[in-house]
Amino acid sequence: MIRIVNGNARGQHPQAIDEMFRLRKRVFHDFLKWDVKTEGNWEIDHYDKANPLYVMSYSPETGKLRGSLRLLPTLGPNMLDDTFPILLGGNPEIRSASVWESSRFCIEPDISQDRSSNQVTVAAAELMCGVGELGLASGVSHIVTVTDVFLERMFRRMGCPGERIAEPQRIGSVYAVAIAWEVSRSLLQTMKAVAAIEGTVLERPMSLETARAA
């Protein structure tokens, strides 16, 4: 199940937000050793002050958070244009009402290290399907993201390879790359088929606009 919380309303969802920021710290700071800002047990940065949408996947069996990502409109502050323009490869900035950015994509480490199950694919696909459903309901044409080449390969296995905006660049300890996905019903159906997901993944139907206003 996918639950959506907007940044301005995070005070109304303290437990969900606490779990998400703690997960981000475990993944990006503790596990991946990225150079990210932390506050106590949270990984949090200035983009979290820009009223993002938090997309969170919960296990239907345990109710526990198993993954999350952050969505921001490219018309406002976003990581690709403002922090990693080198990944545009000389292409113009992406500033469009029809293009949103996904960032801080992460899966619970206990799941990602369980090689005996398909939980990683299911949790990751559910997050991406949630984004796809939001995008289709909102008239969004593309989702862009900054990721590393390891996650890029995982997206391919999930049936959503996307298109590189430019060649990867070494940033810190990883090779980072900017990817763009066209939001389409066929891509959404492919991801659901790969992960054997049936029906909607959203807790309740909504668009990006209504989610940000909630």
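**Exercise 1. Surroundings of Met 128**

Task: In this predicted model, determine which residues are in contact with Met 128, leaving aside its neighbours within four places in sequence.

Solution.
- Step 1. Set aside the residues within four places of Met 128 in sequence; the contacts that remain are Leu 69, Phe 105, Phe 155, Met 158, Cys 160, Trp 181 and Met 191.
- Step 2. Place Met 128 in its wider setting. The largest nonpolar core has 40 residues, and Met 128 belongs to those with the most contacts inside it, together with Ile 4, Leu 71, Phe 105 and Phe 155. Helix H4 gives the most to this core, with 9 residues.
- Step 3. Look beyond this core. Another core, of 15 residues, lies apart from it and includes Met 20, Leu 23, Phe 28 and Met 56.
- Step 4. Relate the result to a general tendency: in soluble globular proteins, nonpolar side chains tend to be buried together.

**Exercise 2. An enclosed space**

Task: State how many cavities of 30 Å³ or more the structure holds, and describe the lining of the largest cavity.

Solution.
- Step 1. Count: there is 1 cavity of 30 Å³ or more. The volume of the largest cavity is about 100 Å³.
- Step 2. List the lining: Met 128, Val 131, Gly 132, Ile 143, Cys 160, Trp 181, Glu 182, Val 183, Ser 184, Leu 187, Leu 188 and Met 191.
- Step 3. Assign elements. Two or more lining residues come from each of helix H4 (119-138), strand E10 (174-182) and helix H6 (185-195).
- Step 4. Sort by character: the lining has 9 nonpolar, 2 polar and 1 charged residues. Gly counts as polar, and Gly 132 is one of the lining residues.

**Exercise 3. Two cysteines**

Task: Establish how many disulfides the structure holds, and how far the sulfur of Cys 129 is from the nearest cysteine sulfur.

Solution.
- Step 1. Recall that a disulfide is a covalent bond between the sulfur atoms of two cysteines.
- Step 2. Find the distance. For Cys 129 the nearest cysteine sulfur is that of Cys 160, 8.1 Å away; for Cys 160 the nearest is that of Cys 129, likewise at 8.1 Å.
- Step 3. Apply the cut-off. A disulfide requires sulfur atoms within 2.5 Å, and therefore Cys 129, with its nearest cysteine sulfur 8.1 Å away, is in no disulfide. The structure holds 0 disulfides.
- Step 4. Check accessibility. Cys 129 is buried, with a relative accessible area of 0%, and Cys 160 is buried with a value of 0%.

**Exercise 4. Positive phi angles**

Task: For Lys 33 and Arg 104, give phi and decide whether each residue is buried or exposed.

Solution.
- Step 1. Note the general expectation: most residues other than glycine have a negative phi.
- Step 2. Examine Lys 33. Its phi is near 65°, a positive value, and Lys 33 is placed in the loop between H1 and strand E2 (38-39). Lys 33 is exposed because its relative accessible area of 62% is over 50%.
- Step 3. Examine Arg 104. Its phi is positive, about 55°, and Arg 104 is placed in strand E6 (residues 99-107). Arg 104 is buried because its relative accessibility of 11% is under 20%.

**Exercise 5. A residue of helix H1**

Task: Describe the position and contacts of Arg 22.

Solution.
- Step 1. Locate Arg 22: it lies in helix H1 (residues 14-31).
- Step 2. Classify its accessibility: Arg 22 is partly exposed, at 34%.
- Step 3. List contacts, leaving aside neighbours within four places in sequence: Asn 41 and Trp 42.
- Step 4. Compare positions. Arg 22 and Lys 192 are 170 residues apart in sequence and 28 Å apart in space, C-alpha to C-alpha.

Conventions. Residues numbered from 1 in each chain as written. Predicted model: local features only at pLDDT ≥ 70, side-chain atom pairs only at ≥ 80, totals over all residues. Heavy atoms only, no water. Buried < 20%, exposed > 50% of the residue type's maximum accessible area, 1.4 Å probe, protein only. 1 Å grid on protein atoms, 1.4 Å probe; cavity = no way out; pocket = protein on both sides within 12 Å on 5 of 7 lines; lining within 4 Å. Points joined across faces, edges and corners; volume = space filled by probe spheres on them. Helix = DSSP H or I, 4+ residues; strand = E, 2+ residues; numbered from the N terminus. Core = buried A, V, L, I, M, F, W, Y, C linked by side-chain atoms within 4.5 Å. Contact = heavy atoms within 4.5 Å.
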